[in-house]
Structures are given as structure tokens and as C-alpha cells.
Amino acid sequence: MNDLAGRHLARGVDHAAFPTFDPVGTVRFYRDVLGFPVVHSICAAGWGPDDHPDFIHFFFDIGNDDRLAFFYYFGLPRPTSDGKGDVYARFDDSTPDWFVRSRHLAIHVDSEDALTEYRRRLDLSEWPVEMQIQHETIESIYTHDPNGYMVEITRALRPVTPQEDLDANLTIDALVDIAQREGHTMDDLLTRKAELIVERAPSWEVRV
């Protein structure tokens, strides 16, 4: 029997990659303002099918052996479409801002001092902080990079408890159960979650 079956084997993000039409601004923002070192680049000439442009693929160290990468394609014209969003995805002007902003990258820091330092760096740059928000368990600052991608830098306000992990799994199981129904609502989710609690409660160990 495979002793790796069922185990959580992933060890974080190797890299997340995005296209850029502004390599100068991208390097200035991530390397020069935020201080993320360039750690790797790939120059690809004549790669792929005949109509594939030459490109450079470059990587920034964002901590914890994780990297943020960009593709710059030589000669590829910048999209001219109007609307909200970034260079990769455009939304109609009627799209709510909260929906557009849901597509973003969040980078973790360990302390309030670190978060404050990144706010200082951004506020002195062309890309000042647009929002600073305390959520339930985290505090975050937000801005947009030169490509229009929303970037969040966040710190934990407190540890997430095992009870919250359990609650999260109940919530997602309930969502999976009801999401295929036509016209499902938050009330449907909460009702299904209550049903799951009743079904599973006898199996939970009570600790005194």
C-alpha cells in the first residue's frame, strides 16, 4: 500500500505567475519599493510554436522559499479594452468593485512592525496604501501594483483555533452540498451546516 496516500504533501507555493506589460514598473514596485530580491530569470528565445513571442520569465523572493513571477512577452501589444481589472482580466464597468478586488495576492508578515514598515515603503512610493483593514483574525494593507493587480500584505491578529478549523470544514462541506442547487442562498448554506453539525456531533470527542 502507498504510505503517501491521503497525506498532505504540498509544502507551500513554489511560485505564482502573472503577465506584465510594464517590466520597469514591476521591478521598481517589487524589488525597489517592497524589497523583494530578484532570484531567478529565464530568457526564452524561439520557444514554443512559430507564433510564440520571445519572453523573459522573472522571479521575486517573497519569503519562506516562495516566489512571485512575471512573464514579459517582447512585442506583444498591451490590451486596449476598457473596463475594470488588470492587464490579464477586464470586467465591464458595471461590475462591482468588491468583485474585481476579490482577485488578489496576499503576502504574510509576522508582526505589526513589519506591516507598518511595508506601509511606510508603499506610502513613500507611487503606489501608496489604498486601504488598511482589520478583519476577524488578520490586519491587512492593500494597494495595486503597476499592472493593476491588487496586492495585500497581512499579519495575523491571533492564532486560528482548532474549533475554527472544524467550523471552516463544516462550512465548506455545506457549501459543496448546496452549491449545485438552482438559486441557492446563504440561508440554504446555514441550514445544511446545522444539519451537518447534528449528524457529526456524536463523533466529536468532548475534552474537559
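At 71% relative accessibility, N64 counts as exposed, because the cut-off for that label is over 50%. In this predicted model, N64 sits in the loop that joins strand 3 to strand 4. Its phi is near 60 degrees, a positive value in a residue other than glycine. D65 is found in the loop between strand 3 and strand 4 as well, and its phi, near 65 degrees, is likewise positive without the residue being glycine. D65 has a relative accessible area of 73% and is therefore exposed.

The two strands on either side of this loop belong to an open sheet. That sheet has 4 strands in the order 1-4-3-2, and its pairing is mixed. Its edges are formed by strand 1 (15-19) and strand 2 (38-44), each of which pairs on one side only. From one strand to the next, the twist averages 20 degrees. Strand 1 is joined to strand 4 in the parallel sense, over 5 bridges. Within this pairing, A16 has L68 of strand 4 as its bridge partner. Helix 1 lies across strand 2, strand 3 and strand 4, and runs at about 10 degrees to strand 3.

A second open sheet is also built from 4 strands, in the order 7-10-9-8, again with mixed pairing. Strand 7 and strand 8 (131-134) stand at its edges with a single partner strand each, so one side of each has no neighbour in the sheet. Neighbouring strands here are turned by 20 degrees against each other on average, direction ignored.

The pairings of this second sheet can be followed from one edge to the other. Strand 7 pairs with strand 10 in the parallel sense over 6 bridges, and V109 stands opposite R155 of strand 10. Strand 10 in turn pairs with strand 9 (residues 138-144) in the antiparallel sense, over 7 bridges. Here E139 has R155 as its bridge partner in strand 10, while S140 stands opposite T154. R155 thus faces V109 in one pairing and E139 in the other. Strand 9 and strand 10 form a hairpin with 5 residues between them, and G148 in the turn has a positive phi of about 90 degrees.

The last pairing is that of strand 8 with strand 9, antiparallel over 4 bridges. These two strands also form a hairpin, with 3 residues between them. Q134 has E139 as its bridge partner in strand 9, so that E139 is matched with Q134 in this pairing and with R155 in the pairing with strand 10.

How many residues of strand 10 are buried? The number is 6 of 7, so this strand is largely enclosed by the rest of the structure. Helix 3 lies across strand 7, strand 8, strand 9 and strand 10, running at about 15 degrees to strand 9. R120 is found in this helix. With a relative accessible area of 44%, R120 is partly exposed. R120 and V13 are 107 residues apart in sequence, and their C-alpha atoms are 27 Å apart in space.

The interior comes next. Which residues have the most contacts inside the largest nonpolar core? They are Y30 and L34, in a core of 21 residues. The elements that give two or more residues to this core are helix 1 (23-33), strand 3 (55-61), strand 4 (67-73), strand 7 (104-109), helix 3 (112-123) and strand 10 (150-156). Leaving aside its neighbours within four places in sequence, Y30 is in contact with G35, F36, F60, L68, F70, D145 and V151. One of these contacts, L68, is also the bridge partner of A16 in strand 4. Apart from the largest core lies another one, of 5 residues, with A174, I178, L189 and L196 among them.

The structure also holds 1 cavity of 30 Å³ or more. About 30 Å³ of space lies in the largest cavity. Which residues line this cavity? The lining is made of P19, T20, F21, Y72, Y73 and L76.

Methods:
Residues are numbered from 1 along each chain as its sequence is written. This is a predicted model: local features need pLDDT of at least 70, side-chain atom pairs count only at pLDDT 80 or more; totals for chains, interfaces and linings use all residues. Side-chain values use heavy atoms; hydrogens and water are left out. A nonpolar core is a set of buried Ala, Val, Leu, Ile, Met, Phe, Trp, Tyr and Cys residues joined through side-chain atoms within 4.5 Å. Buried means under 20% relative accessible area, exposed over 50%, partly exposed in between (1.4 Å probe, protein chains only). Contact means heavy atoms within 4.5 Å. Two strands pair if DSSP finds at least two bridges between them. Axes are lines fitted to C-alpha atoms, for helices over the stretch in contact, and angles run from 0 to 180 degrees between N-to-C directions. On a 1 Å grid over the protein atoms alone, a cavity is a set of points where a 1.4 Å probe fits but cannot get out, and a pocket is an open set with protein on both sides within 12 Å along at least five of seven lines; lining residues have an atom within 4 Å of a point. Grid points are joined across faces, edges and corners, and a volume is the space filled by probe spheres set on the points.
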